Amino acid sequence: MRSRAGRVTLIIVGAVALLIGAVFAGQGANLIPGSSMTGDRTWLYIGGALVVLGIVLLVAGLRRRGSDG
C-alpha cells in the first residue's frame, strides 16, 4: 500500500466513508428528515463510527509516502 494508487485509494475510501457517516449521523440525530433512519439513534452511532473511520483513512492516505515520491 505504498504506491501512489494505494494512497489515492485510501483518500477516496476515507472521503466516501466520512460523507456517508455524516449523512447517517445527521439522520440518526434527526437533523436530516425524510428517511426511515431519521430519529433512530442506531444510525447516529453507526454514522459516528463511519466518520471516525473515514478520518483515520484520510489521515493515513495523506501521511503515507509513496514509493515514487
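**Two helices and the ring pair between them**

In helix α1 of this predicted model, the buried residues are Gly6, Leu10, Gly14, Ala17, Gly21, Ala25, Gly26, Gln27 and Gly28. An α-helix makes one turn every 3.6 residues, so residues that stand three or four places apart point the same way. What covers the buried residues of α1 includes the other helix to be followed here, α2.

The span of α1 can be checked against its number of residues: at 1.5 Å a residue its 25 residues should span 36 Å, and because the C-alpha atoms at its two ends are 36 Å apart, the two values agree. Just after α1, Asn30 takes a positive phi of about 65°.

Helix α2, which runs over residues 41-63, has 23 residues, and from its first C-alpha to its last it reaches 33 Å, close to the 33 Å expected at 1.5 Å a residue. Its buried residues are Gly47, Gly54, Leu57, Leu58 and Gly61, and what covers them includes α1, residues 4-28.

Which way do the rings of Phe24 and Trp43 face each other? The structure holds one aromatic pair, and in it the ring centres of Phe24 and Trp43 are 5.2 Å apart while their planes stand at 75°, which is over the 60 degrees required, so the pair is edge-to-face. Because Phe24 lies in helix α1 and Trp43 in helix α2, this pair ties together parts that are 19 residues apart in sequence. As for their surroundings, Phe24 counts as partly exposed at 22% relative accessibility, and Trp43, with a relative accessible area of 26%, is partly exposed as well.

Definitions and conventions: Residues are numbered from 1 along each chain as its sequence is written. This is a predicted model: local features need pLDDT of at least 70, side-chain atom pairs count only at pLDDT 80 or more; totals for chains, interfaces and linings use all residues. Side-chain values use heavy atoms; hydrogens and water are left out. Helices (H or I, at least four residues) and strands (E, at least two) are DSSP runs, numbered from the N terminus. The expected span of a helix is 1.5 Å times one less than its number of residues. Buried means under 20% relative accessible area, exposed over 50%, partly exposed in between (1.4 Å probe, protein chains only). Contact means heavy atoms within 4.5 Å. Rings of Phe, Tyr and Trp (its six-membered ring) pair if their centres lie within 6.5 Å; planes under 30 degrees apart count as stacked, over 60 as edge-to-face and the rest as tilted.
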